[in-house]
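Visitor: Hi, I've got a structure open and would like to go through it with you. Could you walk me through the packing first, then the empty spaces?

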Amino acid sequence: MSLSQYDPEAIEKKWQHAWEADQTFHVENSSDKPKYYVLEMFPYPSGRIHMGHVRNYSIGDVVARFKRMQGYNVLHPMGWDAFGLPAENAAIKHKTQPAKWTFENIDYMRTQLKRLGYSYDWSRELATCHPGYYKWEQEFFLKLLEKGLVYRKKSPVNWCPSCHTVLANEQVEDGLCWRCDSVVVHKELSQWFLRITNYADELLDFLPKLGSGWPERVLTMQRHWIGKSHGMEIRFAIEGQDDTITVFTTRQDTLFGATFMSLAPEHPLVDALIKDKPEAATVRAFREKVDRMDSIVRTAEDLEKEGCFTGSYCINPVTGIKMPIFVANFVLMGYGTGAVMAVPAHDQRDFEFAKKYDLPIQVVIQPKEKTLDPATMVEAYAAPGYLTASGEFNGMFNEDAKEKIAEVLDAQGLGKKTVNYRLRDWNISRQRFWGAPIPIVYCPKCGAVPLNPEDLPIELPQNITTREDGKSPLPDYDPFVKTTCPRCGRPARRETDTMDTFMESSWYFARYTDARRTESAFDPEAIKYWLPVDQYIGGIEHAILHLLYARFWVKVLRDLGYLKGVDEPFKNLLTQGMVLKDGAKMSKSKGNVVDPNNLIEKYGADTTRLFCLFAAPPEKDLEWSDAGVEGAYRFLNRLWRLVDELLPLLMATGPAIDVSGMDLNEEEKDLRRKEHETIAKATTDIQNKFQFNTVIAASMEMVNYIYKVKETFKTSSNGPKMLSSAVSSVLTLLSPITPHICEELWESMGYPTHLSEQPWPAYDPNALRKDEITIVIQVNGKLRSRIDVDTHATKDEIKQKALADPNVLKHTQGKTIKKVIVIPEKLVNVVVQ
């Protein structure tokens, strides 16, 4: 009896059909088993999966299969983040409908994912562009509107002229659109916003509760993006005007040193400040220049500080001096009030600006050990010190003075203590077609009116023709736009903006708990059972956008009564590294893309999975290697040949067999020890570390060991059982990683049930113990010999055996032994003189 040649395609299709027919990975919403919800970030249906997808989903599949074998009721779903610009732009390019393009891509990508053998429960598949999904998002919008958590206002926005839509701050990267790399400009539009700032404190307060389950890097990025600061709002009167400029500062202790004012060029007071001033044209030109800059670039430390004088002055409320008002490229409306009281002696940006434009510098904090002179300073002094030139506060330590100055300003009506956030409310309006419609109509009499919940979903028309210039066709499509007001019944127009696609991806993980439900968004019992997600897997690039929004949505839906008792979406987060080739991220523009389909056709899904999981730990970047893929394929063939050769001896013993009553010789004990060492390492490295590469390495070592000793076991009485146990353990440990070949070899050994239904093997601590251990012998710290001693040997027995060793005698002859240091199970050091 022997196996045929290893044929990955035939084997993999056989087992994929078997799993599907048996509904192996279908899961119910209740079980006597403990639950485990593992989820990878769902893909955008762009047309084909790439190697980044393969790596991400292979990681998640190992975790899902491992936990299932450990006895958990595992939810492992898949769906599609299906709305968005790429599908709309592709549809325009190919002269087709976005829906048709999207669903064709979903069908193709689903086939690709199934071909890789992932253990998804496909009965829970969802697509966010389906009305049965976004109906509930429209309902959430209406509920938020009732609670005052959604509002509409006219606001300067980031506008992509190529995509013809608004971008959130997080979607602008280095001044460019995150989708198409076009230069982003600013534009004023009426937009819908979510009050994410209402949850800023809770979003911050819960970060420590995520603990070690989330990478510290992600927690730090979110903490910085929310940007909570305690400080004061201080009002500066404008000379010759009734208006005042309000600044937010955390450094009221430096107020006496404020010598000029810096405004964001987009500050609403700028036009009034430059009116009838000779500087007006220069300021307007400067504002247009800064308008084209990315906000992140404008706040960078290495940015060259630039500005121009408005021609107006404001008054320092504590010194009474006239402060020239400038517009400056490093001040943004998106943080604080868009105005900065400039204290050049104690802020480096202000210092550089003052030096460049020859503005006064006033020292108001002196260090204890020296006296600062503005004329000789080469940089701002930002460290603690004692106040000077600060009136009644002179001599006070600056940190103590903050509170005293705050009290005085508050009493005089010149300022108030406040908390400020870098986080801004979330602009969810998008001026494109392929997105979820916003359930609002505009009535000439009633204004903006929310739709009635029973009228949902408001469906996106499927038969509409997209425009070649990329603009949304909705405003000109009367069958969608023309409607009646739900309040007064008069003719009205529908809102033609659609929702930001990050809305859909902010709650999809909750919908998976009962994805086919029609009577409500969620089943409360399913939510209670499954949430939060136990393990979430995705790229670090989503640390702020998606992950922050998802955390916000969970808290909102909790407060609306949808997700009772759920405070956070994801208990644990793994951010996997990128897939690189020739040192760069794979991309079509670089010509370094590896097509997963080609790999699967040539080597099979198991080889593709094995390489992705072996080449690097999950959190590290993976450098592509054709030689590495070949090596993975050779190993699977080697495993196949091993089982084929031993098949006449092998039997369905199960892994890690009970050897009670068996009289094992030393070789058999060694094989059993190696088997249980491998099980122990695999269990620890998957469960605690997700270090799949070391699990694979240990399994490879086990295969090599079996090859080395197999001849000895072919003729011994216990040999077939011991080999069968060892091979069964290797197949079981590798099955989450390379499931198809392991299922086939498992079946060939005579097992009546599928390997995917088997429990994860447990190692026996007793099997790890050796009868003898090797101890290193040193003389004066230098290695001189090694000895084997009984594991239960006393220190004195070890010492005597070490001193009797011929090599030790050679290096101690004629010398006085001063001391013998014995460290059990490790070494003996003989000190001589």
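**Helix packing**

Guide: Happy to! Helix 19 and helix 22 are roughly perpendicular to each other, and their axes pack at an angle of about 115°, 7 Å apart. Please keep in mind that this is a predicted model.

Visitor: Which residues meet where helix 19 packs on helix 22?

Guide: From helix 19 (residues 605-614), Leu-610, Leu-613 and Phe-614 take part. They meet Phe-692, Asn-693, Ile-696, Ala-697 and Met-700 of helix 22. By class, that contact has seven nonpolar residues, one polar and no charged.

Visitor: And how do helix 20 and helix 22 run, roughly parallel or roughly antiparallel?

Guide: Those two are roughly parallel, because their axes cross at roughly 20°. The axes of helix 20 (residues 626-646) and helix 22 (residues 692-714) come within 11 Å. The crossing is left-handed.

Visitor: What residue classes make up the contact of helix 20 with helix 22?

Guide: A mixture: eight nonpolar, one polar and six charged residues. On the helix 20 side you'll find Phe-635, Arg-638, Leu-639, Arg-641, Leu-642, Glu-645 and Leu-646. Helix 22 brings Met-700, Val-703, Asn-704, Ile-706, Tyr-707, Lys-710, Glu-711 and Lys-714.

Visitor: What about helix 20 with helix 23, parallel or antiparallel?

Guide: Roughly antiparallel, since the axes cross at roughly 150° and the cut-off is over 145. The axes of helix 20 and helix 23 (residues 719-734) come within 12 Å, and this crossing is left-handed.

Visitor: Which side chains should I select to see the contact between helix 20 and helix 23?

Guide: Pick Phe-635, Leu-639, Val-643 and Leu-646 in helix 20, together with Leu-723, Val-727, Val-730, Leu-731 and Leu-734 in helix 23. The contact has nine nonpolar residues, with no polar and no charged ones.

Visitor: Changing topic: how many cavities of 30 Å³ or more are there?

Guide: There are two. The largest cavity holds about 170 Å³ of space. It is lined by 17 residues, and Gly-84, Leu-85, Arg-430, Asp-500 and Thr-501 are the closest to its centre.

Visitor: Which elements supply at least two residues of that largest cavity's lining?

Guide: Helix 3 (85-93), strand 4 (165-167) and strand 23 (498-499) each do. Strand 4 gives the largest share, three residues. By class, the lining of the largest cavity has six nonpolar, six polar and five charged residues.

Visitor: And what's the volume of the second largest cavity?

Guide: About 70 Å³. Its lining is Phe-25, Arg-65, Arg-68, Met-69, Ser-735, Pro-736, Pro-739, Glu-743, Leu-755 and Ser-756. Helix 2 (51-69) and helix 24 (739-748) each supply at least two of the lining residues, and helix 2 gives the most, with three. The classes here are five nonpolar, two polar and three charged.

Visitor: Pockets next. How much space lies in the second largest pocket?

Guide: About 390 Å³. Of the 18 residues lining that pocket, Trp-19, Glu-20, Lys-114, Tyr-120 and Trp-122 lie nearest its centre. Helix 1 (8-22) and helix 4 (98-115) are the elements that give two or more residues to the lining.

Visitor: Which element provides the largest share of that pocket's lining?

Guide: Helix 1, with five residues. Across the whole lining of the second largest pocket, the classes are five nonpolar, eight polar and five charged.

Visitor: Last topic, the backbone. Where are there cis peptide bonds?

Guide: One cis peptide bond joins Leu-456 and Pro-457, with omega at about 0°. Pro-457 is in the loop between strand 20 (447-450) and helix 14 (478-481). Another joins Leu-531 and Pro-532, again with omega about 0°, and Pro-532 sits in the loop between helix 16 (524-530) and strand 24 (535-539).

Visitor: Why would anyone point out a cis bond or a positive phi?

Guide: Because most peptide bonds are trans, and most residues other than glycine have a negative phi. Here, Gln-23 has a positive phi of about 50° although it is not a glycine. You'll find Gln-23 in the loop between helix 1 and strand 1 (35-40).

Note on methods
Residues numbered from 1 in each chain as written. Predicted model: local features only at pLDDT ≥ 70, side-chain atom pairs only at ≥ 80, totals over all residues. Heavy atoms only, no water. Axes fitted to C-alpha atoms, helices over the stretch in contact; angles between N-to-C directions. Helix = DSSP H or I, 4+ residues; strand = E, 2+ residues; numbered from the N terminus. Parallel < 35°, antiparallel > 145°, perpendicular 65-115°, else oblique. Left-handed = near helix turned anticlockwise from the far one by under 90°. Contact = heavy atoms within 4.5 Å. Nonpolar A, V, L, I, M, F, W, Y, C, P; charged D, E, K, R; others polar. 1 Å grid on protein atoms, 1.4 Å probe; cavity = no way out; pocket = protein on both sides within 12 Å on 5 of 7 lines; lining within 4 Å. Points joined across faces, edges and corners; volume = space filled by probe spheres on them.
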